[in-house]
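Let's walk through this chain together, starting with how its strands line up and ending with how far the coordinates can be trusted.

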Amino acid sequence: MIKTILKRVALVSCALSLAPLAVAQERGTGAASVLVTYSSPAAKRPAFLQYLEREGLPQFDRWKADGIFKDYRVFVSSFSGSNTWDAMLVLDFAHYADMARWKEIDRNAPGGLSATGLALASPTGTYLADDIWHKEAPDRTPAKAVYFVIPYQYSSVGEYKAYAEAYVLPQYDGWMKERVLSAYTVYLSHHPAGKPWDALAVLEYRDIEGLAQRELVKNKVRAALANNPEWMKASQNKEGKRTEEEITIADLVRK
């Protein structure tokens, strides 16, 4: 009897230890994303941004045309001197296995950068993730948008998902209805035990005016959601569900 109980406990413990990765990589062999961050010394930052536009983006376009990945986006931090990244690449793959071709490219061109690019910046991290939640307005104009990229740490992926669906996403949807937010994506890392983030929210504000109204609209939407019992319950129990790390304000480089 005791052996049977111990065996069951061991099986449950094993399942729980595998749960974060299994839940984070929800699509199995389906769609997945790779996010790469880059850092550039201040003196080289202007040249690096020029490199991205003149040489980097055309190369990524060629790789996309060759079917290496389904789509991509390149963000650059709006301000220099931050404690975060200078640029971030997001690669979207139709199938998890398609990453194998990118892995071969990365061996010879780290982070997709040529020798010229590597003389100006270095890849600082590569992260495998799923875009679990995504929504966009039909009339969005990314060329005018300003982006908030917010990393989070959490202790339990299950608790975080329940918290996000009950508390966070209703606010994002409210901001979209108020027309300050035109799109959002929330990624969950395939390896949530690692740093610097377990979840990454990419919020697309329509323009700089929309960003300026961020706090006013946030308070307005929260006041309206206070009439929703489920949202209020999540609000009252949100402590400890996640830790917000340093935000990066960014612009989309890709035309």
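## Strand pairing around E9

In this predicted model, Val 149 stands opposite Thr 248 of strand E9. That match belongs to the pairing of strand E5 (residues 146-153) with E9, which is antiparallel and runs over 3 bridges.

Strand E9 (residues 248-252) also pairs with strand E2 (residues 71-77), again in the antiparallel sense and over 3 bridges. Here Ala 250 in E9 is the bridge partner of Ser 77. So which strands does E9 pair with? Strand E2 is one of them, and strand E5 is another.

## The chain as a whole

Stepping back, the secondary structure adds up to 8 helices and 9 strands. The chain has 255 residues, and 43% of them count as buried.

If you look at contacts between residues at least 6 apart in sequence, 78% of them join residues at least 24 apart. The chain exposes about 13500 Å², with carbon and sulfur atoms supplying 56% of that area.

## How far to trust the coordinates

The average pLDDT of the chain is 88, and 87% of the residues score at least 70. Which elements mark the two ends of the confidence range? Helix H4 (residues 115-118) has the highest mean pLDDT, at 98, while helix H1 (residues 2-24) has the lowest, at 37.

Over residues 1-24, pLDDT stays under 50, and the model has 12 contacts beyond four places in sequence for this stretch. Where pLDDT is low, please don't read the predicted coordinates in detail.

Key:
Residues numbered from 1 in each chain as written. Predicted model: local features only at pLDDT ≥ 70, side-chain atom pairs only at ≥ 80, totals over all residues. Heavy atoms only, no water. Helix = DSSP H or I, 4+ residues; strand = E, 2+ residues; numbered from the N terminus. Buried < 20%, exposed > 50% of the residue type's maximum accessible area, 1.4 Å probe, protein only. Contact = heavy atoms within 4.5 Å. Areas by Shrake-Rupley, 256 points an atom, 1.4 Å probe, with all protein chains shown as cover. Pairing = 2+ DSSP bridges. pLDDT = per-residue confidence, 0-100.
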